[in-house]
Every structure is written in C-alpha cells, then in structure tokens.
Amino acid sequence: MSENEARKEILSLVKEYYNNYMDRSGDKFVEGDRIAYASRVFDENEVCALVDSALDFWLTAGKYAKEFEKGMSELLDVKHTLLVNSGSSANLLAFMTLTAPELGERCIRRGDEVITVAAGFPTTITPMLQYGAVPVFLDVTIPEANIDTELLEKAYSDKTKAVMIAHTLGNPFNIKAVKEFCDRHNLWLVEDNCDALCSKYAIDGVEQYTGTWGDIGTSSFYPPHHMTMGEGGAVYTDNPLLYKIAKSMRDWGRDCACDSGQDNMCGHRYDGRYGELPAGYDHKYVYSHFGYNLKATDMQAAIGCEQLKKVVEFGRKRKANWEYLREQLEELEEWFILPEAEKNSTPSWFGFLIFCREGVDRNAIVRHLEQNNIQTRMLFSGNMIKHPCFDEMRKTGAGYRVVGELTNTDYIMNNAFWIGVYPGMTKEKLDVMARELKAACKKAR
C-alpha cells in the first residue's frame, strides 16, 4: 500500500468514525436538555482535515495556514491576512503594529491616547495599558450597545492616535461616523471584529464586511465564535506596510520574511548590514521589532479551512435565529428593551442582548433561565473600569481617561444579559428560550 493509499484509507475510517461514534448529542434536542449560548458546529470534513494535517506532523504554521490566510483574504476581499493563535493575540498584534517607528509621527507612543469603550471585552484594551498608552473610555448607546459617536470630538486631544473598538455581539458600530472622525484627525481605526465575522455595513451605498473599513481588523476563532479552529484568530489589512510590520511582530520580531522551514528566499541571507550587527550577520536572526511568537498550528488552520467554507451560511443562520427570537419576544417589551441593529448594517449576530427595564430584577430572570437549563452570559465586562484589575489605577486616577458619564455602560453592567443564536440553535431551542423568558416575566409581576 502506498502512502497516498494509506492516507486515503485512514481518512475513510475517520469519516466512518465521525458518522458512527463521535458524540453528536447536540444534533438532537430533547425537552430539558441544556441549551448552550454557543457551541461548535462542524462535520466530518473538519475532523478529516485535522487528521490529515496531523499525518503531515508539521506542528507549526504550514501549508494549511497559508491556505487559510488566502481563503480569509478572499472572503473579506482584503489584501493581507495573518493567522494567529487567538483573537486576543490578534488584538495585541493589531495594536502593537501601530507602535512601530516606521509609522513616523503616526506611531503610537507611550502616553498617547486611544479612544475605546468600557462596555466590552478586556483584551481590546489590555494591549494599550500594557504598552503604556492611555485608553479613553466613552459611553455606549442603548439598544445598540456600541460607541456613542456624539462623544468622539469631546474625547479628542492632541495625544489621540487611534480608535480601537469592537462591533458588539455582531452588531456593527456606526462605522460611517467613526471613520469620518478618524479621517478628519488622521487617526488609525482598529476594528475588533471578533464577535462580528460576516457582519456587513454600508456607507453611501457601498456595502462591505466589518473589519475591512478601518486600517486593521481582527477576528477570533475560539469555539463560541462565528467559526472555530479551537483557538485561533486573524489580523487583516489592505495596508502593505502594516502587514509587513504585523508579520514581523507575529514572527518573533524578525526582519526576515521567510516562512518557517524556509531559508534564503531573497538570496541575500548573508550579505546585509543591520543596526550595529557585523556585516553579513545571518538575516534569519535579525530583529527589527520587539515581537512575539503568535502563530497558530497547521492542525488548527486545517480545521479553519473547512470552517471558512461554512461561515457565510453560519452568518445567515445567526441572523435568522436572532430575527425569530426577537419576533417571539416583542410582547415582553414591558419588561425588556430589545436589541436593534445599527442603521445601514446587516449583522451576523453573536448573541441576543436583552436589557431589563428599571424595576425588573435581572438576577431573577437569569436565575430562572439557568435553572431551566438555558445558558446566559453578561455583556462581558459590563463596565471594565469597575473590575479588580483597575483597582490600583482607580486609586490614582492615572493610566486612563473617561469622557462624560458612563451611564449606559453602567446600565448594561446592572441590567443586561444575552442568550445564544448560534447556527446550531434549532427552532425547538429558540421556542424554549422564548417560553422561559415569558415565564420568568410572569413570575416577576
């Protein structure tokens, strides 16, 4: 038996194993089963791709990583994609790329300010704080739960260098207003697209995917997200200089552009002069940035290649599930403020966000749902600056800035929660969630 024949037989057995033995209990719903807010959605193709990559035993980024980066760029219609090991690493890489000295006066230096929101996930702002930049926190609007663009000009100062914000739960922020603000002041725009892959937004009749309107976009492929490879993330951009810097920083900060396992692509490995190194120093070990190793493995990338083929349909299902659930819950507007899509947007929803009105006990609603096997989540940090990690900064008032009052942010912290609309959600599950929300409201009368 040849190697190709052996591999073909192995993959045939993997398909058989998937169809006959893998736990697919989530495919069938029985009343009383746990309804998760999110889960992996996959089939035999992802499992076979994973095994195929394992048989290669190329344990770092390789051919599948290249295939994924190409496919992601084609999906989003961007020039450059870099695969990384998580969405948090994607945010770190996106931010740190903007600190590179090649960017001249536009590079972010310690003490410079980056406009963001406090109602979000911590790893959107962690890179700023760890580097020594100053996050400037703005309030959000309800029910969109995205940045209040009316506050942008009030937040601007001579130290402002960028805006870095997320599209909340798949709902695009007002990209038109944010982009116009950034263009007016020559600021970088980083779109944290980790919860919004395949969401779309239109400006003046031109519609394109979120994550592609700004200078850099980021994605996460953690299991609950729009597609998964277990862990994983991506950074994408149309800017060739930003791509070159990001690739260097992702790959230890080295100056060389050779892929892992590749040597002397340029033919000048030993004849360059860099910094104060001796002439002819091995270019593979020349470092032009303070970088990291943020690469994903080829096994992860192999799964991602198959998930990419499904992600647009995943987005359609998320949208359909969200719309069905909203229709079922309209009668509860006495108790809840229900979510709304941002104007000019077509969201690929990550979750269904519910705001309890004043006087409605969120904890009682959430407890009822959880006791009836419906998984719930808060809107991440609620108000990030209320968390223990900010204790020392709150004492001194240094390290961050708040513009205006975070009134809606605090309202979200105290009154909001969300439930799932992921593509594996069935009508039966959606009906149970709607039924139990109605039951919880009756109990709260």
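Helix α14 (residues 427-443) lies across β10, β12 and β14, and its direction makes about 150° with that of β14. Helices and strands here are DSSP runs numbered from the N terminus, with helices being H or I over at least four residues and strands E over at least two. Angles run from 0 to 180 degrees between N-to-C directions, using axes that are lines fitted to C-alpha atoms, for helices over the stretch in contact. This is a predicted model, in which local features need pLDDT of at least 70 and side-chain atom pairs count only at pLDDT 80 or more, while totals for chains, interfaces and linings use all residues. Residues are numbered from 1 along each chain as its sequence is written, and side-chain values use heavy atoms, with hydrogens and water left out.

The sheet under α14 is an open one of three strands, in the order β10-β12-β14, with antiparallel pairing. Its edge strands are β10 (336-337) and β14 (416-420), each of which pairs on one side only. Two strands count as paired if DSSP finds at least two bridges between them. Strand β12 (residues 351-356) and β14 run antiparallel and are joined by five bridges; Gly-351 has Gly-420 as its bridge partner in β14. Helix α11 (residues 362-371) also lies across β10, β12 and β14, but runs at about 20° to β14.

Helix α13 (residues 407-415) belongs in this picture too. Its residues Thr-409, Tyr-411, Ile-412 and Asn-415 are buried, where buried means under 20% relative accessible area, exposed over 50%, and partly exposed in between (1.4 Å probe, protein chains only). Seen down the axis of α13, these buried residues fall within an arc of 160°, so they line one face of the helix. The arc is taken over the directions from the helix axis to the C-beta atoms. The buried residues of α13 pack against β3 (134-138), β10, β12, α11 and β14, with contact meaning heavy atoms within 4.5 Å.

Next comes the other sheet. Eight strands make up this open sheet, ordered β1-β9-β8-β5-β4-β2-β3-β13, and the pairing is mixed. At its edges stand β1 (80-84) and β13 (401-402), each with a single partner strand, so one side of each is left without a neighbour in the sheet. Over five bridges, β1 pairs with strand β9 (residues 233-237) in the antiparallel sense, and Thr-81 has Tyr-236 as its bridge partner in β9. Helix α7 (residues 175-185) packs on the sheet, where it touches β2, β4 and β5, and its direction makes about 150° with that of β5. Helix α4 (residues 87-97) lies across β1, β2 (113-117), β4 (160-166), β5 (188-192), β8 (216-220) and β9, running at about 165° to β8.

Strand β2 is mostly covered, with five of its five residues buried. Glu-113, Ile-115 and Val-117 point one way from β2, Val-114 and Thr-116 point the other way, and all are buried. β2 pairs with β3 in the parallel sense over five bridges, and Val-117 stands opposite Leu-138 in β3.

As for helix-helix packing, the axes of helix α3 (residues 63-76) and helix α9 (residues 298-308) come within 8 Å and cross at roughly 35°. The crossing of α3 past α9 is left-handed, meaning that the near helix is turned anticlockwise from the far one by less than a right angle (clockwise would be right-handed). Among the residues making the contact are Tyr-64, Phe-68, Met-72 and Leu-75 of α3 and Ala-301, Cys-305 and Leu-308 of α9. By class, the contact has nine nonpolar, two polar and three charged residues; Ala, Val, Leu, Ile, Met, Phe, Trp, Tyr, Cys and Pro count as nonpolar, Asp, Glu, Lys and Arg as charged, and the others, Gly among them, as polar. Ten of the eleven residues of α9 are buried, so α9 is largely enclosed by the rest of the structure. Its cover includes α2 (44-56), α3, β1 and α10 (311-329).

A few backbone oddities round things off. Ile-142 and Pro-143 are joined by a cis peptide bond, with omega about 20°; Pro-143 lies in the loop between β3 and α6 (152-155). Asp-77, although not a glycine, has a positive phi of about 60°. Asp-77 sits in the loop between α3 and β1 and counts as exposed at 67% relative accessibility. Cys-198, also not a glycine, has a positive phi of about 80°. Cys-198 lies in the loop between β5 and β6 (200-203) and, at 12% relative accessibility, counts as buried.
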